[in-house]
Amino acid sequence: MPKRILEKTSLEVSRLRSDGSYAVGGVSGLYLKVEGGSRAWVFRYVHGGHRRRMGLGSYPLVGLAEAREAARNALKLNLGGVDPLQARREAARLAMARQVRFDDAAEAFITEHESTWRSLKHAKQWRSTLATYAFPHIGHLQVADIGQAHVLQVLAPIWKTKTETASRLRGRIEQVLDWATALGHRTGPNPARWRSQLEHILADPNKLAPVKHHAAVPVAMLPDTYQRLLAMNGQSARALRFLILTAARSGEVRGMVWSEVNLQAGLWTVPAERMKSNRDTACPCRARRWNCSRRSRAFHRSNMCSPPTAKARCPMWPSRP
């Protein structure tokens, strides 16, 4: 039967000054190590057949009661099959990983994903909205510390006055925090999530700022509209006729260049960077469709198939770049 160690009192521990390791009792394996005038707590244990020593702090900064409590917690871990020393190192690593500011996390997220976005404008919008509205409130905070109150502090002032911007901002904050959670920088639910969370606090953005679609030509009026376009000689009219015949998007037609066109084969290949699907797309074109483009080429030396003119005011050509 192992020898039972009597529990030393705080006064008895304070008198231990000669070099050596002293069992202080109360918890099996707890010692006060005295060496060269310094004193420190050590917890000795065996894990996986190996003897281990775990420091619990210096004495008297860490008192006897605190040392015994720390030793008890370590002993419980060891009895449960967990190495307390390894557990402490892992906790320290996670604590370091969680020390990431929101502004740094946002920039890291954008840098990681901007190569997959369709345009540089999208990355600029991300940086601009976060820097303008989010960073002044939560940019300096650790992502692990950001809660719902912080998110509302960002969104509430602009939710009813700049609804579309605020709604996009909420989504961007949510994505950054999801990214941080996936990397272990934070835990718990995302405080910027809309479903089952912010939807119960903030007004429905679709009711605050209903989507207003651009005017469209009714299908029944399309033949008459096309005939009116045939009477126009401008580049915008030709481009719009080509769009109608090919069912292409305006950006695809406006960016069309002659190097994409094979007149002999009657084929127009739209490159991936201008396609929403992000892949090259071949568009077969019949004679009537190419007639629009051939006229454009006859009057212009530009590589653009439908270059805008100074007087163009058709919706196909934005008034500003």
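# Reading a predicted model, feature by feature

User: Is Asp-83 buried or exposed?

Analyst: Asp-83 counts as buried, because its relative accessibility is 12% and the cut-off for burial is under 20%. Please note that the model is a predicted one.

User: With which residue does the side chain of Asp-83 meet in a salt bridge?

Analyst: The partner is Arg-52, with a distance of 2.2 Å from N to O. Arg-52 is partly exposed, at 28% relative accessibility. The pair joins distant parts of the chain, since Arg-52 belongs to strand β4 whereas Asp-83 is in the loop between α2 and α3 (84-97), 31 residues apart.

User: How far apart in helix α2 are Arg-72 and Glu-69?

Analyst: They are three residues apart, which means a separation of about one helical turn. Their closest N and O atoms are 3.8 Å apart, and the two form a salt bridge. Arg-72 is partly exposed at 35% relative accessibility, and Glu-69 is partly exposed at 42%.

User: How many salt bridges are there in total, and which residues are linked in a network of them?

Analyst: The count comes to twelve. Arg-170, Glu-174, Asp-178 and Arg-193 are linked in the network. A further pair is Arg-249 with Glu-252, whose closest N and O atoms are 3.5 Å apart. In that pair Arg-249 is partly exposed at 47%, whereas Glu-252 is buried at 6%.

User: Let us turn to the interior. Which residues of the largest nonpolar core touch the most other members?

Analyst: This core has 33 residues, and those touching the most other members are Phe-102, Leu-130, Ala-134, Leu-155, Leu-169 and Ile-173. Helices α4 (102-113), α5 (120-139), α6 (148-159) and α7 (163-182) each supply at least two of its residues. The largest share, seven residues, comes from α7. A second, separate core holds 19 residues, including Tyr-45, Tyr-59, Leu-64 and Ala-67.

User: With which residues is Leu-155 in contact, leaving aside its neighbours within four places in sequence?

Analyst: Leu-155 contacts Ala-166, Leu-169, Arg-170, Leu-198 and Leu-202.

User: What should one expect of the backbone, and where does this chain depart from it?

Analyst: Most peptide bonds are trans, and most residues other than glycine have a negative phi. Here, the bond between Tyr-59 and Pro-60 is cis, with omega about 10°. Pro-60 is in the loop between β4 (50-59) and α2 (64-79). Ser-196 has a positive phi of about 60°; Ser-196 is in the loop between α7 and α8, and is exposed at 61% relative accessible area. Ala-247 likewise has a positive phi, near 60°. Ala-247 is in the loop between α10 (235-246) and α11 (250-254) and is exposed at 71%.

User: Which residues make a nonpolar surface patch?

Analyst: Val-217, Met-221 and Leu-222 make a patch of about 240 Å². Val-217 is in the loop between α8 (205-208) and α9 (222-230) and counts as partly exposed, because its relative accessibility is 43%.

User: Finally, how should low pLDDT be read, and which elements have the lowest and the highest mean pLDDT?

Analyst: Where pLDDT is low, the predicted coordinates should not be read in detail. The chain has a mean pLDDT of 83, with 86% of its residues at 70 or more. Among its elements, α6 has the highest mean, 96, and helix α12 (residues 287-299) the lowest, 52. Over residues 308-321 pLDDT stays under 50; the model has 20 contacts beyond four places in sequence for that stretch.

Technical notes. Residues are numbered from 1 along each chain as its sequence is written. This is a predicted model: local features need pLDDT of at least 70, side-chain atom pairs count only at pLDDT 80 or more; totals for chains, interfaces and linings use all residues. Side-chain values use heavy atoms; hydrogens and water are left out. A nonpolar core is a set of buried Ala, Val, Leu, Ile, Met, Phe, Trp, Tyr and Cys residues joined through side-chain atoms within 4.5 Å. Buried means under 20% relative accessible area, exposed over 50%, partly exposed in between (1.4 Å probe, protein chains only). Helices (H or I, at least four residues) and strands (E, at least two) are DSSP runs, numbered from the N terminus. Contact means heavy atoms within 4.5 Å. pLDDT is the predictor's confidence in each residue, from 0 to 100. Patches are made of residues with over 30% relative accessible area and no salt bridge: like charges are joined within 9 Å, nonpolar side chains (Val, Leu, Ile, Met, Phe, Trp, Tyr) within 5 Å. Accessible areas come from the Shrake-Rupley method with a 1.4 Å probe; for residues, only the protein chains shown count as cover. A salt bridge is a side-chain nitrogen of Lys or Arg within 4 Å of a carboxyl oxygen of Asp or Glu.
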